[in-house]
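Visitor: Please take a close look at one part of this structure for me: the largest pocket. I would like to know what lines the pocket, and then how the parts around the pocket are held and built.

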Amino acid sequence: MPCARFLIHSRKNNTMENQFLFKKFKASNRDLYSQNINLRNKILREPLGKSLSADDLLIEKNNQFYGILSNQKLIATLSSYETDNSVIRLVAVAVDTNFQKQGIGSLLLKQVIDDYQHRGYGTFNLIARVSAHGFYLKNGFQDIFGPFKNRHLDVTDYGMQRVIECKQG
């Protein structure tokens, strides 16, 4: 499922005009990865007075990235990797502020989980900030630990998990 086109109903102006593209990519895709870094910095790090470091980027060089594009611009993204043979870790979920509260983040999560589910994965773990905790609960994740203090970013987080039935094939 490298690409999928779909329409999103905009709650703001009650239209179906926006067409979005779902895309899988790796860090080697310089354009999308650069947009990914910029979006994550803007949404996840700048509000904390921080930015992604070279060490952060080195750690994720082999991750699988997913995104939603509108007019060739990345508006939502997340990174993922396998922690063992049946568990996927979701990290760095970010949605452009102009597209938040419109179902884009939920759609991205659904597409990513569906992609992994069809490849035989059924367990998804993540660390959620307090500000995103309700979003993940709404999307089927449950608390497995926390809240706890993330000393690296100086925020409060929750460990969360979603377990679903695998659909190989």
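Guide: In this predicted model, the elements that each give at least two residues to the lining of the largest pocket are α1 (30-45), α2 (54-59), β5 (87-95), α3 (104-117), β6 (123-129), α4 (130-138) and β8 (155-163). The largest share comes from β5, with seven residues. The space in the largest pocket is about 1,300 Å³. Its lining has 42 residues, and Leu44, Ala92, Val93, Arg129 and Tyr136 are the closest to the centre. By type, the lining holds 22 nonpolar residues, ten polar ones and ten charged ones. As for how such a space is found, rolling a probe the size of a water molecule over the atoms shows where empty space is left.

To place these elements, consider the chain as a whole. The protein chain has four helices and eight strands. Read from the N terminus, their order is β-β-α-α-β-β-β-α-β-α-β-β. The chain has 169 residues, and 47% of them are buried.

Start with β5, which holds alanine 92. Ala92 was listed among the residues closest to the centre of the largest pocket. The backbone of alanine 92 is out of the ordinary in one respect: its phi is near 55 degrees, a positive value although the residue is not glycine. For background, most residues other than glycine have a negative phi, and most peptide bonds are trans. Alanine 92 has a relative accessible area of 22%, so it counts as partly exposed, since buried would require a value under 20%.

After β5 comes a loop leading to α3, and one contact there ties back to α1. The side chains of lysine 42 and aspartate 96 form a salt bridge, with 3.5 Å from N to O. Because lysine 42 is in helix α1 and aspartate 96 is in the loop between β5 and α3, this pair ties together parts that lie 54 residues apart in sequence. The two partners can be described by their accessibility: aspartate 96 is buried at 2%, whereas lysine 42 is partly exposed at 37%. As a general matter, side chains of opposite charge can pair when their charged atoms come close.

The whole structure has eight salt bridges, and helix α3 takes part in two that are worth following. One of them joins the side chains of aspartate 115 and lysine 24, at 3.2 Å from N to O. Aspartate 115 belongs to helix α3 and lysine 24 to strand β2 (residues 15-25), so far along the chain that 91 residues separate the pair. Aspartate 115 is buried, with a relative accessibility of 6%, and lysine 24 is partly exposed, with 22%. This contact belongs to a network of salt bridges that links Lys24, Asp115 and Arg119.

The other contact stays inside the helix. Aspartate 114 and lysine 110 meet through their side chains in a salt bridge of 2.7 Å, N to O. Both residues are in helix α3 and are four residues apart, about one turn of the helix. Lysine 110 has a relative accessible area of 46% and is therefore partly exposed.

Next is β6, another element that contributes to the lining. Isoleucine 127 is in strand β6, and with a relative accessible area of 32% it is partly exposed. Ile127 also forms a nonpolar surface patch with Ile144 and Phe145, and the patch covers about 250 Å².

Further along is strand β7 (residues 142-150), where proline 147 is found. The peptide bond between glycine 146 and proline 147 is cis, with omega at about 10 degrees.

Between β7 and β8 there is a loop, and aspartate 154 has its place in it. Its phi is near 60 degrees, again a positive value in a residue other than glycine. Aspartate 154 has a relative accessibility of 52% and therefore counts as exposed. The strand after this loop, β8 (155-163), brings us back to the largest pocket, to whose lining it supplies at least two residues.

Methods: Residues are numbered from 1 along each chain as its sequence is written. This is a predicted model: local features need pLDDT of at least 70, side-chain atom pairs count only at pLDDT 80 or more; totals for chains, interfaces and linings use all residues. Side-chain values use heavy atoms; hydrogens and water are left out. On a 1 Å grid over the protein atoms alone, a cavity is a set of points where a 1.4 Å probe fits but cannot get out, and a pocket is an open set with protein on both sides within 12 Å along at least five of seven lines; lining residues have an atom within 4 Å of a point. Grid points are joined across faces, edges and corners, and a volume is the space filled by probe spheres set on the points. Ala, Val, Leu, Ile, Met, Phe, Trp, Tyr, Cys and Pro count as nonpolar, Asp, Glu, Lys and Arg as charged, and the others, Gly among them, as polar. A salt bridge is a side-chain nitrogen of Lys or Arg within 4 Å of a carboxyl oxygen of Asp or Glu. Buried means under 20% relative accessible area, exposed over 50%, partly exposed in between (1.4 Å probe, protein chains only). Patches are made of residues with over 30% relative accessible area and no salt bridge: like charges are joined within 9 Å, nonpolar side chains (Val, Leu, Ile, Met, Phe, Trp, Tyr) within 5 Å. Accessible areas come from the Shrake-Rupley method with a 1.4 Å probe; for residues, only the protein chains shown count as cover.
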